[in-house]
Amino acid sequence: MTGPVLVTGAAGYIGRLLRAGLPERGHAVRSLDVVPITDPRPGEEHLVADATDLAAVTAAAQGAGALVHMAGIATESSWAAISHANIQGTYVALEAARLAGVPRVVLASSNHATGMSPRSENAQTDAQPRPDTYYGVSKVTMEALGSLYVDRYGLDVVCLRIGSALPEPMAPRHLSTWLSPTDTVGLVDAALTAPSPASPWSGACRPTPAAGGT
(Lines give C-alpha, C1' and ligand atoms only; values in the text may rest on other atoms or scores of the structure.)
Protein backbone atom coordinates (compact mmCIF):
# COMPACT_ATOMS: atom_id res chain seq x y z
CA MET A 1 0.00 0.00 0.00
CA THR A 2 1.35 3.41 -0.94
CA GLY A 3 0.12 6.72 0.40
CA PRO A 4 -1.21 7.58 3.85
CA VAL A 5 -4.25 6.05 5.50
CA LEU A 6 -7.10 8.57 5.61
CA VAL A 7 -8.93 8.12 8.91
CA THR A 8 -12.34 9.80 9.18
CA GLY A 9 -13.67 10.45 12.67
CA ALA A 10 -10.06 10.81 13.76
CA ALA A 11 -10.94 12.78 16.91
CA GLY A 12 -13.16 9.98 18.26
CA TYR A 13 -12.10 7.17 20.59
CA ILE A 14 -11.15 4.63 17.93
CA GLY A 15 -9.78 7.37 15.70
CA ARG A 16 -7.39 8.44 18.45
CA LEU A 17 -6.24 4.85 18.94
CA LEU A 18 -5.54 4.51 15.23
CA ARG A 19 -3.68 7.81 15.06
CA ALA A 20 -1.40 6.58 17.81
CA GLY A 21 -1.09 2.93 16.80
CA LEU A 22 -1.06 2.77 13.02
CA PRO A 23 2.20 4.75 12.62
CA GLU A 24 3.87 2.20 14.93
CA ARG A 25 2.85 -0.46 12.39
CA GLY A 26 4.29 1.45 9.46
CA HIS A 27 1.26 3.45 8.26
CA ALA A 28 1.35 7.18 7.68
CA VAL A 29 -1.94 8.74 8.85
CA ARG A 30 -4.01 11.58 7.43
CA SER A 31 -6.66 12.61 9.97
CA LEU A 32 -10.08 14.05 9.14
CA ASP A 33 -12.75 15.18 11.58
CA VAL A 34 -15.34 17.91 11.86
CA VAL A 35 -13.44 19.25 14.89
CA PRO A 36 -9.73 20.14 15.02
CA ILE A 37 -7.24 17.57 16.30
CA THR A 38 -6.01 18.85 19.65
CA ASP A 39 -3.10 16.44 20.17
CA PRO A 40 -1.16 16.49 16.88
CA ARG A 41 1.50 13.83 16.33
CA PRO A 42 4.75 14.25 14.39
CA GLY A 43 4.28 13.78 10.65
CA GLU A 44 0.48 13.47 10.84
CA GLU A 45 -1.69 15.42 8.41
CA HIS A 46 -4.78 17.08 9.93
CA LEU A 47 -7.87 18.10 8.00
CA VAL A 48 -11.04 19.67 9.38
CA ALA A 49 -14.07 18.69 7.30
CA ASP A 50 -17.52 17.15 7.57
CA ALA A 51 -17.42 13.45 6.66
CA THR A 52 -20.75 13.85 4.83
CA ASP A 53 -19.28 16.47 2.48
CA LEU A 54 -18.39 14.55 -0.69
CA ALA A 55 -16.21 17.27 -2.21
CA ALA A 56 -14.21 17.72 1.00
CA VAL A 57 -13.67 14.00 1.60
CA THR A 58 -12.76 13.39 -2.04
CA ALA A 59 -10.15 16.13 -1.80
CA ALA A 60 -8.84 14.63 1.44
CA ALA A 61 -8.62 11.17 -0.16
CA GLN A 62 -6.36 12.27 -3.00
CA GLY A 63 -3.13 10.26 -2.88
CA ALA A 64 -4.28 8.07 0.04
CA GLY A 65 -3.48 4.37 -0.01
CA ALA A 66 -6.57 3.43 2.03
CA LEU A 67 -9.54 5.00 3.78
CA VAL A 68 -10.65 3.93 7.26
CA HIS A 69 -14.15 5.24 7.92
CA MET A 70 -14.80 5.74 11.63
CA ALA A 71 -16.88 8.92 11.44
CA GLY A 72 -20.54 8.86 12.44
CA ILE A 73 -22.91 8.61 15.38
CA ALA A 74 -21.78 5.74 17.61
CA THR A 75 -25.03 5.18 19.54
CA GLU A 76 -28.76 5.13 18.89
CA SER A 77 -30.26 8.46 17.88
CA SER A 78 -33.10 9.85 15.77
CA TRP A 79 -33.64 8.53 12.27
CA ALA A 80 -32.81 11.93 10.77
CA ALA A 81 -29.49 12.10 12.59
CA ILE A 82 -28.54 8.46 11.96
CA SER A 83 -29.46 8.49 8.29
CA HIS A 84 -27.46 11.65 7.63
CA ALA A 85 -24.33 10.95 9.65
CA ASN A 86 -24.07 7.19 9.21
CA ILE A 87 -25.74 6.30 5.92
CA GLN A 88 -24.86 9.44 3.96
CA GLY A 89 -21.42 9.40 5.59
CA THR A 90 -20.78 5.83 4.43
CA TYR A 91 -21.85 6.67 0.88
CA VAL A 92 -19.50 9.66 0.91
CA ALA A 93 -16.56 7.58 2.17
CA LEU A 94 -17.01 4.97 -0.54
CA GLU A 95 -17.73 7.41 -3.34
CA ALA A 96 -14.81 9.61 -2.33
CA ALA A 97 -12.53 6.58 -2.39
CA ARG A 98 -13.80 5.66 -5.85
CA LEU A 99 -13.39 9.17 -7.22
CA ALA A 100 -9.92 9.60 -5.70
CA GLY A 101 -8.69 6.16 -6.77
CA VAL A 102 -8.23 4.84 -3.23
CA PRO A 103 -8.10 1.03 -3.58
CA ARG A 104 -9.20 -0.11 -0.12
CA VAL A 105 -11.83 1.05 2.35
CA VAL A 106 -12.32 -0.23 5.91
CA LEU A 107 -15.80 0.42 7.33
CA ALA A 108 -16.74 0.42 11.03
CA SER A 109 -19.84 -1.74 11.15
CA SER A 110 -21.29 -3.11 14.39
CA ASN A 111 -22.77 -6.17 16.04
CA HIS A 112 -25.98 -4.12 16.16
CA ALA A 113 -26.39 -5.05 12.47
CA THR A 114 -27.43 -8.49 13.77
CA GLY A 115 -28.46 -7.44 17.26
CA MET A 116 -31.84 -9.21 17.17
CA SER A 117 -30.27 -12.53 16.20
CA PRO A 118 -29.83 -15.27 18.81
CA ARG A 119 -26.47 -14.96 20.56
CA SER A 120 -25.24 -18.20 19.00
CA GLU A 121 -25.73 -16.71 15.51
CA ASN A 122 -24.68 -13.13 16.14
CA ALA A 123 -20.93 -13.72 15.88
CA GLN A 124 -21.11 -15.61 12.57
CA THR A 125 -19.78 -13.87 9.46
CA ASP A 126 -22.80 -15.09 7.49
CA ALA A 127 -25.39 -14.00 10.08
CA GLN A 128 -28.37 -12.46 8.31
CA PRO A 129 -29.03 -8.74 8.89
CA ARG A 130 -31.33 -8.34 11.88
CA PRO A 131 -30.73 -4.86 13.29
CA ASP A 132 -31.89 -3.87 16.75
CA THR A 133 -31.94 -0.07 16.37
CA TYR A 134 -31.84 2.71 13.77
CA TYR A 135 -28.10 2.61 14.44
CA GLY A 136 -28.08 -1.08 13.56
CA VAL A 137 -30.01 -0.34 10.36
CA SER A 138 -27.31 2.15 9.39
CA LYS A 139 -24.68 -0.56 9.80
CA VAL A 140 -26.67 -3.04 7.68
CA THR A 141 -26.85 -0.30 5.05
CA MET A 142 -23.13 0.32 5.44
CA GLU A 143 -22.37 -3.31 4.64
CA ALA A 144 -24.76 -3.27 1.67
CA LEU A 145 -23.12 -0.14 0.27
CA GLY A 146 -19.72 -1.75 0.74
CA SER A 147 -20.92 -4.80 -1.20
CA LEU A 148 -22.20 -2.57 -3.99
CA TYR A 149 -18.88 -0.76 -4.33
CA VAL A 150 -17.02 -4.08 -4.47
CA ASP A 151 -19.27 -5.53 -7.16
CA ARG A 152 -19.84 -2.39 -9.21
CA TYR A 153 -16.51 -0.61 -8.91
CA GLY A 154 -14.00 -3.25 -7.81
CA LEU A 155 -13.00 -1.59 -4.53
CA ASP A 156 -11.53 -3.70 -1.75
CA VAL A 157 -13.92 -3.17 1.18
CA VAL A 158 -13.66 -4.69 4.65
CA CYS A 159 -16.56 -4.26 7.11
CA LEU A 160 -15.65 -4.72 10.79
CA ARG A 161 -18.58 -5.64 13.05
CA ILE A 162 -17.36 -4.02 16.25
CA GLY A 163 -18.90 -4.66 19.65
CA SER A 164 -17.37 -2.99 22.78
CA ALA A 165 -14.25 -0.95 22.05
CA LEU A 166 -13.32 0.36 25.49
CA PRO A 167 -10.11 0.91 27.47
CA GLU A 168 -11.18 -2.00 29.69
CA PRO A 169 -14.31 -4.12 30.32
CA MET A 170 -16.94 -2.27 32.36
CA ALA A 171 -19.73 -4.86 32.63
CA PRO A 172 -20.00 -8.69 32.63
CA ARG A 173 -21.28 -8.62 29.03
CA HIS A 174 -18.05 -6.99 27.92
CA LEU A 175 -16.14 -10.15 28.81
CA SER A 176 -17.47 -11.60 25.54
CA THR A 177 -17.57 -8.42 23.42
CA TRP A 178 -14.56 -6.37 24.54
CA LEU A 179 -11.99 -5.17 22.01
CA SER A 180 -8.88 -3.85 23.74
CA PRO A 181 -7.06 -0.76 22.44
CA THR A 182 -4.17 -2.94 21.20
CA ASP A 183 -6.53 -5.35 19.45
CA THR A 184 -8.46 -2.44 17.90
CA VAL A 185 -5.31 -1.21 16.18
CA GLY A 186 -4.33 -4.76 15.23
CA LEU A 187 -7.74 -5.43 13.71
CA VAL A 188 -7.62 -2.35 11.50
CA ASP A 189 -4.00 -3.05 10.56
CA ALA A 190 -5.04 -6.57 9.48
CA ALA A 191 -7.89 -5.11 7.42
CA LEU A 192 -5.43 -2.74 5.73
CA THR A 193 -2.75 -5.32 5.00
CA ALA A 194 -4.70 -8.48 4.12
CA PRO A 195 -3.61 -9.42 0.58
CA SER A 196 -7.17 -10.00 -0.65
CA PRO A 197 -10.14 -9.23 1.60
CA ALA A 198 -12.75 -10.22 -1.00
CA SER A 199 -15.47 -12.54 0.25
CA PRO A 200 -16.06 -15.98 -1.28
CA TRP A 201 -19.68 -14.94 -1.76
CA SER A 202 -20.05 -12.76 -4.86
CA GLY A 203 -16.85 -10.85 -4.12
CA ALA A 204 -18.88 -8.75 -1.71
CA CYS A 205 -17.85 -6.75 1.32
CA ARG A 206 -17.16 -9.39 3.95
CA PRO A 207 -18.34 -8.58 7.48
CA THR A 208 -15.71 -9.51 10.05
CA PRO A 209 -17.08 -9.96 13.60
CA ALA A 210 -14.91 -8.42 16.26
CA ALA A 211 -15.36 -7.59 19.89
CA GLY A 212 -15.44 -3.81 20.24
CA GLY A 213 -17.90 -0.92 19.94
CA THR A 214 -18.69 1.75 17.47
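# Exercises on helix packing and burial

Leu54, Val57, Thr58 and Ala61 of α2 meet Tyr91, Val92, Glu95, Ala96, Leu99 and Ala100 of α3. The model in front of you is a predicted one, and these exercises work through it piece by piece.

## Exercise 1: α2 against α3

Find how the axes of α2 and α3 are arranged, and sort the residues of their contact by class.

Solution. Two packed helices are described by the angle between their axes and the distance between the axes. Start with the distance: the axes of helix α2 (residues 54-61) and α3 come within 8 Å. Next comes the angle, and here the axes cross at roughly 45 degrees. Angles under 35 degrees count as roughly parallel and those from 65 to 115 as roughly perpendicular. The two helices are therefore oblique to each other. As for handedness, α2 passes α3 in a right-handed crossing. Finally, the residues of the contact of α2 with α3 divide into eight nonpolar, one polar and one charged.

## Exercise 2: α3 against α5

Decide which orientation word fits α3 and α5, then list the residues that make the contact.

Solution. First locate the two elements: helix α3 covers residues 79-100 and helix α5 covers residues 134-153. They pack at an angle of about 20 degrees, with their axes 10 Å apart. With the cut-off for roughly parallel at under 35 degrees, α3 is therefore roughly parallel to α5. The crossing of α3 past α5 is right-handed. On the α3 side, the contact is made by Trp79, Ile82, Asn86, Ile87, Thr90, Tyr91, Leu94, Glu95 and Arg98. On the α5 side, Tyr134, Tyr135, Val137, Ser138, Thr141, Met142, Leu145, Gly146, Tyr149 and Tyr153 take part. Counted by class, this contact has twelve nonpolar, five polar and two charged residues. If you compare lists, you will find Tyr91 and Glu95 of α3 in the contact with α2 and also in the contact with α5.

## Exercise 3: α1 against α7

Work out how α1 and α7 lie to each other, and follow Tyr13 through this part of the model.

Solution. Helix α1 spans residues 13-21 and helix α7 spans residues 181-193. Their axes come within 9 Å and cross at roughly 75 degrees. That angle falls in the range of 65 to 115 degrees, so α1 and α7 are roughly perpendicular to each other. From α1, Tyr13, Ile14, Leu17, Leu18 and Gly21 meet Pro181, Thr184, Val185 and Val188 of α7. By class, the contact has seven nonpolar and two polar residues, and no charged ones.

Now turn to Tyr13, which sits in helix α1. Its relative accessible area is 26%, so Tyr13 is partly exposed. Leaving aside residues up to four places away in sequence, Tyr13 touches Ala165, Leu166, Pro167 and Pro181. Tyr13 and Ala165 are 152 residues apart in sequence, yet their C-alpha atoms are 8.5 Å apart in space.

## Exercise 4: the strands β1 and β2

Establish how β1 and β2 are joined, and check whether their residues are buried or exposed.

Solution. Begin with the pairing: four bridges join strand β1 (residues 5-8) to β2, and the two run parallel. As one example, Leu6 has Arg30 as its bridge partner in β2. Next, look at the faces of β1: Val5 and Val7 lie on one side, Leu6 and Thr8 on the other, and all are buried. In β2, Val29, Ser31 and Asp33 point one way and Arg30 and Leu32 the other way, again all buried. Five of the five residues of strand β2 (residues 29-33) are buried, so β2 is largely enclosed by the rest of the structure.

## Exercise 5: two single residues

Classify Ser109 and Gly154 as buried or exposed, and give for each a residue that is distant along the chain with its C-alpha separation.

Solution. Ser109 belongs to strand β5 (residues 104-110). With a relative accessible area of 0%, Ser109 is buried. Its C-alpha atom is separated by 7.8 Å from that of Val140, 31 residues apart along the chain.

Gly154 is placed in the loop between α5 and β6 (156-162). At 54% relative accessibility, Gly154 counts as exposed. The C-alpha atoms of Gly154 and Pro103 are separated by 8.4 Å, and the two residues are 51 apart along the chain.

## Exercise 6: the whole chain

Summarise the chain by its secondary structure, its burial and its contacts.

Solution. The chain has seven helices and nine strands. Of its 214 residues, 50% count as buried. Among contacts between residues at least 6 apart in sequence, 69% join residues at least 24 apart.

Conventions
Residues are numbered from 1 along each chain as its sequence is written. This is a predicted model: local features need pLDDT of at least 70, side-chain atom pairs count only at pLDDT 80 or more; totals for chains, interfaces and linings use all residues. Side-chain values use heavy atoms; hydrogens and water are left out. Axes are lines fitted to C-alpha atoms, for helices over the stretch in contact, and angles run from 0 to 180 degrees between N-to-C directions. Angles under 35 degrees count as roughly parallel, over 145 as roughly antiparallel, 65 to 115 as roughly perpendicular and the rest as oblique. A crossing is left-handed if the near helix is turned anticlockwise from the far one by less than a right angle, and right-handed if clockwise. Contact means heavy atoms within 4.5 Å. Ala, Val, Leu, Ile, Met, Phe, Trp, Tyr, Cys and Pro count as nonpolar, Asp, Glu, Lys and Arg as charged, and the others, Gly among them, as polar. Buried means under 20% relative accessible area, exposed over 50%, partly exposed in between (1.4 Å probe, protein chains only). Two strands pair if DSSP finds at least two bridges between them.
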